[in-house]
Amino acid sequence: MKPEDKVNEIIVHMAHTHNQMAKILQAKRQVAVRMSQLVHAVPDELPQVEHISEVKVQSGQVTRCLIDYMMSIAELEDAMADQLKLVLKDLHEPEEE
């Protein structure tokens, strides 16, 4: 197997992996968007709620969900960059004979 074939195989595998990670992020995005829509629907003025502590807990959960989603995107970008560095390094190394 030629080195180029190995690199091509790695790139195909990476593309499949990135596609699967993108699907996971898409699902997380949909949850984050829906939660944001729910938060947006809450009136600006604090309603008279008997259990205000529950509202605070749920607001914290929404915030954590959004943070998790953004962190997932950052981790995906880092993983893609690291993998791309390895592939580029392999492509630029002189072939051993």
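Which residues in helix 1 are buried? Before the answer, a word on what is being looked at: this is a predicted model, in which local features need pLDDT of at least 70 and side-chain atom pairs count only at pLDDT 80 or more, while totals for chains, interfaces and linings use all residues. Residues are numbered from 1 along each chain as its sequence is written, and side-chain values use heavy atoms, with hydrogens and water left out.

The protein has two helices and zero strands, where helices (H or I, at least four residues) and strands (E, at least two) are DSSP runs numbered from the N terminus. Helix 1 covers residues 3-41, and helix 2 covers residues 52-92. The expected span of a helix is 1.5 Å times one less than its number of residues. For the 39 residues of helix 1 this rule gives 57 Å, and because its end C-alpha atoms are 56 Å apart, the expected and computed values agree. The 41 residues of helix 2 should span 60 Å, and its end C-alpha atoms are indeed 60 Å apart, so the rule agrees here as well.

The outline of the whole protein can be described in a similar way. Its C-alpha atoms fill a box of roughly 75 × 15 × 15 Å, taken along the principal axes. The radius of gyration, which is taken over C-alpha atoms, can be set against a globule rule of 2.2 Å times the number of residues to the power 0.38. A compact globule of 97 residues would have a value near 13 Å by that rule, but the protein has 22 Å.

Now the opening question can be answered: the buried residues of helix 1 are Val7, Met14, His18, Leu25 and Ala32. Here buried means under 20% relative accessible area, exposed means over 50%, and partly exposed lies in between (1.4 Å probe, protein chains only). In helix 2 the buried residues are Val62, Cys65, Tyr69, Ser72, Leu76 and Val87. Of the 97 residues of the protein, 11% count as buried.

What covers these residues? The cover of the buried residues of helix 1 includes helix 2, and the cover of those of helix 2 includes helix 1. Contact means heavy atoms within 4.5 Å, and of the contacts in the protein with a separation of 6 or more, 84% are between residues 24 or more positions apart.

Two residues show this in detail. His18 lies in helix 1 and counts as buried because its relative accessibility is 14%; leaving aside its neighbours within four places in sequence, His18 is in contact with Met80 and Gln83. Ser72 is found in helix 2 and is buried, with a relative accessible area of 12%. Not counting residues up to four places away in sequence, Ser72 touches Leu25 and Lys28, and Leu25 is itself one of the buried residues of helix 1.

Other residues of helix 1 are partly exposed. Val31 lies in this helix and counts as partly exposed because its relative accessibility is 44%; the C-alpha atoms of Val31 and Val62, 31 residues apart along the chain, are separated by 9.6 Å. Val33, also in helix 1, is partly exposed at 34% relative accessibility, and its C-alpha atom is 15 Å from that of Met71, with their positions 38 residues apart in sequence. Lys6 lies in helix 1 and is partly exposed at 49%; Lys6 and Ala22 are 16 residues apart in sequence and 24 Å apart in space, C-alpha to C-alpha.

Finally, there is the surface. The protein exposes about 8300 Å², of which carbon and sulfur atoms supply 59%, with accessible areas coming from the Shrake-Rupley method with a 1.4 Å probe, where for residues only the protein chains shown count as cover.
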